[in-house]
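Please open the model in your viewer and keep the selection panel at hand. The tour below goes from one selection to the next and says what is to be found at each stop.

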Amino acid sequence: MPILTPSSEDVRIYEVAVLYPYPINQKEEQLLLKEVEQVFTEAGGKQVEKDVWGNRGLAYSIGGHTEGNFVIYYYEMDPSKIKEVDEALLIIPNLLRHLIVKPPKDYQVLKYSDQYSKWLKERETETQKRERETEEALKKKVADRAKRQAKRAEEQKKETEESAAPIEKKKLTAELDKIISDDELDL
Amino acid sequence: MAKKNQQRRADPGHKQCPLCEHKAKYIDWKNYPTLKPFVDYFGNIRQRYYTGMCLKHQKMLRTAIERARFMGVLAYRK
């Protein structure tokens with residue numbers, strides 16, 4: 001990742017973004033970009049970096065176009081000339097928008113394609129994380145249920161043992177004898 | 001006192017700034033994924049009260065979002 005630092009104290013680094021419509025002839029595109037670059041060379045700018053985004057959808061239609069091409073230039077030039085450049089860029093036909101920004105000190109240029117791939121990776125990991133979390137929650141639920149069932153089964157066993165155990169054999173026989181020897185019962 | 005603190009709900013006005021955690025010095029208008037969570041469905045900038053952003057970063061965010069809107073990266077209004 002290149003870090004932008006101006007070569008001398010008289011010049012500054014400017015970030016110039018240019019937007020032009022997407023369905024465009026190759027010839028027209030080349031002409032347009034040449035014209036844009038000519039504006040800078042006339043103002044005495046020196047190109048430091050260039051980042052071509054390619055076509056992407058716009059958030060709202062600009063001049064009847066819903067898709068546009070972005071190109072971002074990093075130029076090193078005299079601060080007094082920037083106004084001329086701005087005005088010259090306004091005049092160029094078929095150029096939808098342009099934006100001139102002073103990047104902060106020690107600004108790192110990140111290529112859009114790299115950033116995009118990085119973002120996609122992060123997004124993937126995020127979705128994976130969510131999936132993992134849901135899976136873990138499900139597993140926990142299953143384990144809890146199994147535990148509860150085991151507990152219940154144990155309790156039932158205990159209960160049956162308790163209900164079966166209480167009357168001892170001797171007592172039972174004695175009581176049975178009592179019933180049999182009872183004279184009041186006419187069987 | 002500890003009990004009182006436990007009972008009290010987290011005040012939404014006292015959140016940690018999400019960008020101070022990364023020690024952000026500059027918010028880039030070209031970085032769509034960082035801007036997106038601070039814009040609501042209608043394209044408005046989320047209030048500082050809800051995101052917990054500090055004032056310094058909120059001002060930087062505003063310029064970044066306005067630049068992105070101008071270049072057609074973000075919508076003005078949905």
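Helices, as the word is used here, are DSSP runs of H or I with at least four residues, and strands are runs of E with at least two, each numbered from the N terminus. By that reckoning chain B has 4 helices and 0 strands, and its elements read α-α-α-α from the N terminus on. Bear in mind throughout that this is a predicted model.

**The two chains**

Colour by chain and begin with chain A, whose secondary structure amounts to 4 helices and 6 strands, arranged from the N terminus in the order β-β-α-β-β-α-β-β-α-α. Of its 187 residues, 25% count as buried, while for chain B, with 78 residues, the figure is 33%.

**Strand 4 of chain A and its partners**

Select residues 65–77 of chain A, which make up strand 4, and note that this strand is mostly covered, with 10 of its 13 residues buried. Add residues 12–21 of chain A, which form strand 2: the two strands run antiparallel and are joined by 10 bridges. Two of the pairs can be picked out by residue, since A:Y20 has A:N69 as its bridge partner in strand 4 and A:E15 has A:Y74. Strand 2 is itself mostly covered, 9 of its 10 residues being buried.

Next bring in residues 46–62 of chain A, strand 3, which pairs with strand 4 in the antiparallel sense over 11 bridges. Within this pairing A:D51 stands opposite A:I72 of strand 4. Strands 3 and 4 of chain A form a hairpin with 2 residues between the strands, and there A:G63 takes a positive phi near 60 degrees.

Return to strand 2 of chain A and add strand 5, residues 97–101, to which strand 2 is joined by 5 bridges in an antiparallel arrangement. Here A:E15 appears again, standing opposite A:V101 in strand 5.

**A:I62, A:N94 and B:K23**

Which element of chain A holds A:I62? The residue is found in strand 3, and because its relative accessibility is 5%, below the 20% cut-off, A:I62 counts as buried. Select A:L96 along with A:I62 and draw a distance between their C-alpha atoms: the two residues are 34 apart in sequence and 7.1 Å apart in space.

Move on to A:N94, which lies in the loop between helix 2 (82–91) and strand 5 of chain A. Its phi is near 70 degrees, a positive value in a residue other than glycine, and at 39% relative accessibility A:N94 counts as partly exposed.

For another positive phi outside glycine, go to B:K23, where the value is near 55 degrees. B:K23 sits in the loop between helix 1 (2–7) and helix 2 of chain B and is exposed, with a relative accessible area of 71%.

**The largest pocket**

Centre the view on A:L110, A:Q115, A:K118, B:N31 and B:T34, which of the 34 lining residues lie nearest the centre of the largest pocket. The elements that contribute two or more residues to this lining are strand 6 (107–108) and helix 3 (112–164) of chain A, together with helix 2 (32–35) of chain B. Helix 3 of chain A supplies the largest share, 9 residues. The space within the pocket comes to about 1,400 Å³, and its lining divides into 16 nonpolar, 5 polar and 13 charged residues. Colouring chain A by domain adds a further detail, in that domain 1 (7–106) and domain 2 (110–179) each give at least three residues to the lining.

**The second largest pocket**

Now select A:A59 with residues of chain B, including B:Y32, B:K36, B:V39, B:D40 and B:Y41, to reach the lining of the second largest pocket. The volume of this pocket is about 200 Å³, and its lining residues divide into 7 nonpolar, 1 polar and 3 charged.

**Last stop: helix 4 of chain A**

Finish at residues 169–181 of chain A, helix 4. Is this helix buried or largely in the open? The number of buried residues among its 13 is 0, so helix 4 of chain A lies largely in the open. A check on its length is also possible: at 1.5 Å a residue the 13 residues should span 18 Å, and the C-alpha atoms at the two ends are 18 Å apart, which agrees.

Key: Residues are numbered from 1 along each chain as its sequence is written. Chains are lettered from A and ligands numbered from 1 in the order in which they are written. This is a predicted model: local features need pLDDT of at least 70, side-chain atom pairs count only at pLDDT 80 or more; totals for chains, interfaces and linings use all residues. Side-chain values use heavy atoms; hydrogens and water are left out. The expected span of a helix is 1.5 Å times one less than its number of residues. Buried means under 20% relative accessible area, exposed over 50%, partly exposed in between (1.4 Å probe, protein chains only). Two strands pair if DSSP finds at least two bridges between them. On a 1 Å grid over the protein atoms alone, a cavity is a set of points where a 1.4 Å probe fits but cannot get out, and a pocket is an open set with protein on both sides within 12 Å along at least five of seven lines; lining residues have an atom within 4 Å of a point. Grid points are joined across faces, edges and corners, and a volume is the space filled by probe spheres set on the points. Ala, Val, Leu, Ile, Met, Phe, Trp, Tyr, Cys and Pro count as nonpolar, Asp, Glu, Lys and Arg as charged, and the others, Gly among them, as polar. Domain bounds come from an automatic or database domain assignment.
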